[in-house]
Each structure stands twice: as structure tokens, then as C-alpha cells.
Amino acid sequence: MAEILDFETTLFQALEEKTAWMDTSVLPSMLEDYRVEHSCVMNLINVLIQKGLIAPDPYKLDKKISDVMLPDEEPFSEADRNLAIGIRLSDYERIIDFLCNYFKFSVQMLTLERIKKLIALNNCFQWSSMTPTNPQPNTQGLAEILALARQGTDTLSISVINGSLSSISKTIITINSQLKQVTDLQRELYKSEIRKKILHAPDFPPDKLHDSPAAGIAQVKKLFPQYFGKQPFYSELIEEIFLENSETEGLQRQKVLLEKLKITPQKTEKKVQQVDTKSMIMDAVRNLSALAPLLTVVIDKLNENNSIVQSEHQGFGEKFMKLLRKAFGLREKPVEYTLPITDIITQTVKNEKINFQKTITDLTRRSTFYNSFSTRNSPGYQKIQSDQETVIYSFLTKQLSECQQMLTLLTAYDKFFKTAVQAGNRLRIKGLSIELTSIKNTMVKTNQRKAEYAAYIEEQQQLKKLGITDVV
């Protein structure tokens with residue numbers, strides 16, 4: 001009995017230290033790995049949307065996520081492949097986004113049940129076996145779509161696809177390894193709770209601590225509902241407890257367990273890991289590339305809405321003049337709309353005359369530009385990265401300001417088109433609410449990363465003023 005108590009004292013202390021180490025060292029790294037994966041998944045989605053191989057999920061904003069969940073993995077027909085993969089890939093991205101921004105990566109939150117879901121999530125697309133012959137429906141369907149996307153001479157898209165798949169595959173391997181570490185720890189924490197709550201309970205006979213595994217499991221099972229309610233009962237873990245308490249192999253098992261829980265100190269304590277501030281600001285810049293596919297959808301909807309409005313105002317005279325201009329090679333009469341523009345600062349609304357063709361040209365140019373730096377190895381990304389950080393920061397500030405103006409303009413267009421047509425055509429008008437919300441969310445995330453960079457730079461400058469130079 002005394003030997004068991006000594007072992008448990010050492011065990012509980014080791015578990016407490018291991019938990020703290022996981023929370024501060026391993027799990028923050030896991031969060032960063034999921035952020036890398038999320039960025040790569042977004043790049044894949046952007047390429048596939050731009051090529052018209054999948055469409056944005058129209059119900060994306062209606063899907064609420066409050067915990068780890070899994071995309072659909074049921075088989076689908078060949079005719080439904082693009083639609084099914086588009087929705088499932090969008091769901092996958094939303095879940096990863098939830099993990100990156102709302103989930104707390106801690107040992108307490110990563111229960112055995114959640115870990116099982118995360119491993120299943122990591123495998124719902126088998127990124128390292130992305131082939132059309134893969135038997136898993138999601139992987140097979142996505143692989144077939146990616147094969148279509150690789151066709152042609154669009155080397156940038158092919159590079160984005162290959163680079164993203166490679167990064168995701170490596171990241172998933174790392175995350176699964178980290179989850180294995182948390183799983184091993186959770187198993188021992190589960191066993192320690194059994195020891196504390198049941199084996200030390202007043203109604204548990206002390207002489208039964210050295211029972212055989214089968215008898216020990218039976219003893220614990222009687223008391224389990226009283227102390228653990230509806231929590232899962234893992235008989236194999238209970239068996240391990242009694243093997244660790246046994247007189248024949250207990251000491252050896254205890255030694256192995258405590259050795260496994262040891263935290264190996266880092267030998268490079270003096271080597272301070274420098275924070276790559278340029279990568280910080282470039283992550284914020286690259287986040288803007290998520291706007292590219294959204295703007296492509298917006299452009300298509302605006303053109304459709306414009307066609308509906310123009311069709312209502314083209315009488316015989318207008319059609320005749322249009323034919324004359326076409327016959328003599330004359331420039332088309334510009335389409336102008338008077339839109340209610342809201343001033344960002346004063347929030348006052350005033351009507352402004354806006355050239356529609358110029359709007360489409362500006363949006364197309366902006367979409368192409370944002371797509372040009374969607375991956376780290378793209379020429380556009382390399383060009384921006386070659387500048388000094390202060391220049392990149394100013395560039396990002398300017399882009400966010402212009403995006404805010406663009407968002408205001410698109411909001412005005414959305415309101416205008418919904419009221420500018422006759423009642424019979426209103427159902428034909430394409431609303432922009434989903435795209436506007438997604439654009440706004442992308443801008444918020446980009447601004448958050450920009451603010452994190454600015455706060456870090458300011459903190460380092462303040463520390464240096466105080467004479468503290470060994471900072472990270």
C-alpha cells in the first residue's frame with residue numbers, strides 16, 4: 001500500500017507537469033499548424049472557384065459551428081461530384097477556421113472523444129494519397145477535380161495546387177503526431193482520475209488494490225457510475241491500473257510509465273528563436289488573396305443584374321442607336337447609376353453617379369492582383385516580400401482602406417439593384433449579402449494580423465528603449 005501511494009504521488013506530479021508542458025509548448029504549435037493548413041485549403045478553394053470547377057457554398061454563412069464536427073463523407077453520383085466536393089471542401093475549411101479562431105487548444109479541451117473527431121477530420125480528405133483511384137469518396141472526387149484544374153498551361157494554378165497539397169500533407173502528419181502525444185497523456189489522466197476518485201474512495205476496499213486485472217475491472221465498474229456518471233468506461237485502461245499495482249510486474253510498468261511522462265529539457269535554451277516579423281506581415285498580406293474568388297462571383301452577379309436593369313430601359317430608340325454605334329465602330333454609351341454612398345467617417349448618405357463599366361474594370365483588376373500573391377512561391381508574393389517591412393505595412397494599410405471603399409460601393413450596388421427593377425424582375429436580381437459578409441470577414445482577419453504585427457513591433461521597440469536587447 002505504501003509503495004503504491006509513493007508511486008501515485010510521483011505520478012500525479014509528473015502528470016501535472018506534463019499537462020502544463022503540453023499546454024504551453026505542444027498545443028500552441030498545433031494551432032499554428034492548423035493555421036498553415038487553413039491557408040493552404042483556402043488557396044485550393046480559390047483556384048477551383050476561379051476555374052469554375054466548384055462554386056462557393058451558398059449556405060456557408062448559415063452553418064453554425066460550436067464544436068469539432070465532420071464534413072459529409074457519403075458516396076455521391078458522378079453528376080453531383082463538383083457540387084458535393086464544393087460543399088464538403090467548404091465545410092472542411094469552415095471547421096479548420098473554427099479551430100484556428102474559436103477553439104481553445106488545451107489538454108482540458110482535447111478530450112479523447114474530441115481527439116477522435118480531429119483525427120477523423122484530418123482524414124476526411126486523404127491529402128497524402130490524393131489520387132482518382134482512392135476508394136474514399138471525398139478524396140477521389142477532389143483528386144478528379146484537381147486533375148482537371150491541372151490541365152492547360154496555367155502554371156501558377158498548378159504550382160498553387162501542388163504546393164498546397166504538399167504543405168497540407170506534411171502539416172497533417174505533424175498534427176496527427178501531436179494528437180498522439182495528447183492521446184497518450186489523456187489516457188494517463190483518465191487512469192489517474194480513477195485512482196483518485198475510486199481507488200481512494202471510502203467504499204473501495206484497500207485490500208483490492210492488488211487484485212487481478214479482471215477482478216479490479218469488476219470492482220471499479222460497480223462504483224464508476226457513482227463517481228463518473230455517463231462518462232465512457234475504458235476497461236483496457238482500468239486493466240493497466242491494476243497491472244501497475246500488481247506485485248509481479250508493477251514496478252517495471254511504473255518505471256516505464258514515469259519515464260514516458262518525463263519532459264526532456266531543451267538543450268538550446270540560450271538559442272532564442274527569433275520571430276520572423278516579415279512573415280507576420282506577409283501572412284496578413286496573403287490573407288487578402290482570399291478576396292480574389294469572392295470578387296469573381298461579385299463581378300458575375302453585378303453583370304447579370306446590370307443586364308436585367310438595362311433590358312427594362314431599352315426601347316426601340318435605344319436599340320436603334322446601339323445598332324448604329326456598333327455599325328460605325330463607335331464607343332458604347334457608358335452606363336451610369338446614381339447610388340446611395342455612405343461616408344465611412346460621418347455615416348451620412350449622399351447620392352453619387354457611378355460608372356458601371358469602370359466598377360467592373362476596377363474589380364477585375366483587383367481580383368487578378370490579389371490572386372497574384374495567393375501563394376508564397378508566386379512572383380506577385382515574391383515581389384511584395386522583397387520590399388522593406390515598413391513599405392509592406394504601408395501597402396497593406398492602403399489595400400485595406402481601398403477595400404473598405406470597395407465594400408461601401410458594393411453595398412450601395414446591392415441596395416440599388418434590389419429596388420431599381422420592376423416588381424416582376426426582382427426575384428431575378430442576384431443579392432450580394434453572402435459575398436459582402438465574406439469580404440468583410442476577410443478584411444477583419446487581415447486587419448487583426450496587421451494589428452498583431454504592429455503591436456509586436458511596438459513592444460520590441462519599447463523593450464529596446466529600456467535597454468532589454470535579448471527579446472523575441
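Is Asp283 buried, partly exposed or exposed? Select Asp283 and you can settle that straight away: at 27% relative accessibility, this residue counts as partly exposed, because the partly exposed band sits between 20% and 50%. Keep in mind as you click around that this is a predicted model.

**Stop one: Asp283 and Arg376**

Leave Asp283 highlighted and add Arg376. Their side chains meet in a salt bridge, with N to O at 3.1 Å. Asp283 belongs to helix α9 (residues 277-287), while Arg376 sits in the loop between α12 and α13 (379-385), so this pair ties together parts that are 93 residues apart in sequence. Arg376 is partly exposed too, with a relative accessibility of 40%.

**Stop two: Arg366 and Glu402**

Next, pick Arg366 and Glu402. Here is another salt bridge between side chains, at 2.9 Å from N to O. This one links distant parts of the chain, with Arg366 in helix α12 and Glu402 in helix α14, 36 residues apart. Colour the two by accessibility if you like: Arg366 is buried at 18% relative accessible area, since the cut-off for buried is under 20%. Glu402, at 21%, counts as partly exposed.

**Stop three: the second largest pocket**

Stay on Glu402, because your next selection starts there: Glu402 is among the residues nearest the centre of the second largest pocket, along with Asp362, Gln405, Met406 and Leu409. The pocket has a volume of about 510 Å³, and 20 residues line it.

Now show the elements around it. β1 (336-342), β2 (349-355), α12 (356-371) and α14 (389-420) each supply at least two lining residues. Which of them gives the largest share of the lining? That's α14, with six residues. Colour the lining by residue class and you get seven nonpolar, six polar and seven charged residues.

**Stop four: Arg187 and its network**

Jump to Arg187 and bring in Glu240. These two form a salt bridge, with the closest N and O atoms 3.1 Å apart. It connects distant parts of the chain: Arg187 is in helix α5 (residues 155-199) and Glu240 in helix α7 (residues 235-245), 53 residues apart. Arg187 counts as partly exposed, at 26% relative accessibility.

Don't deselect yet. Add Glu8, Glu188, Lys191, Arg195, Glu244 and Lys260: together with Arg187 and Glu240, they are joined into one network by salt bridges that share partners.

**Last look**

Finally, zoom out and display every salt bridge in the model: the count comes to 26.

Note on methods:
Residues numbered from 1 in each chain as written. Predicted model: local features only at pLDDT ≥ 70, side-chain atom pairs only at ≥ 80, totals over all residues. Heavy atoms only, no water. 1 Å grid on protein atoms, 1.4 Å probe; cavity = no way out; pocket = protein on both sides within 12 Å on 5 of 7 lines; lining within 4 Å. Points joined across faces, edges and corners; volume = space filled by probe spheres on them. Helix = DSSP H or I, 4+ residues; strand = E, 2+ residues; numbered from the N terminus. Nonpolar A, V, L, I, M, F, W, Y, C, P; charged D, E, K, R; others polar. Salt bridge = Lys/Arg side-chain N within 4 Å of Asp/Glu carboxyl O. Buried < 20%, exposed > 50% of the residue type's maximum accessible area, 1.4 Å probe, protein only.
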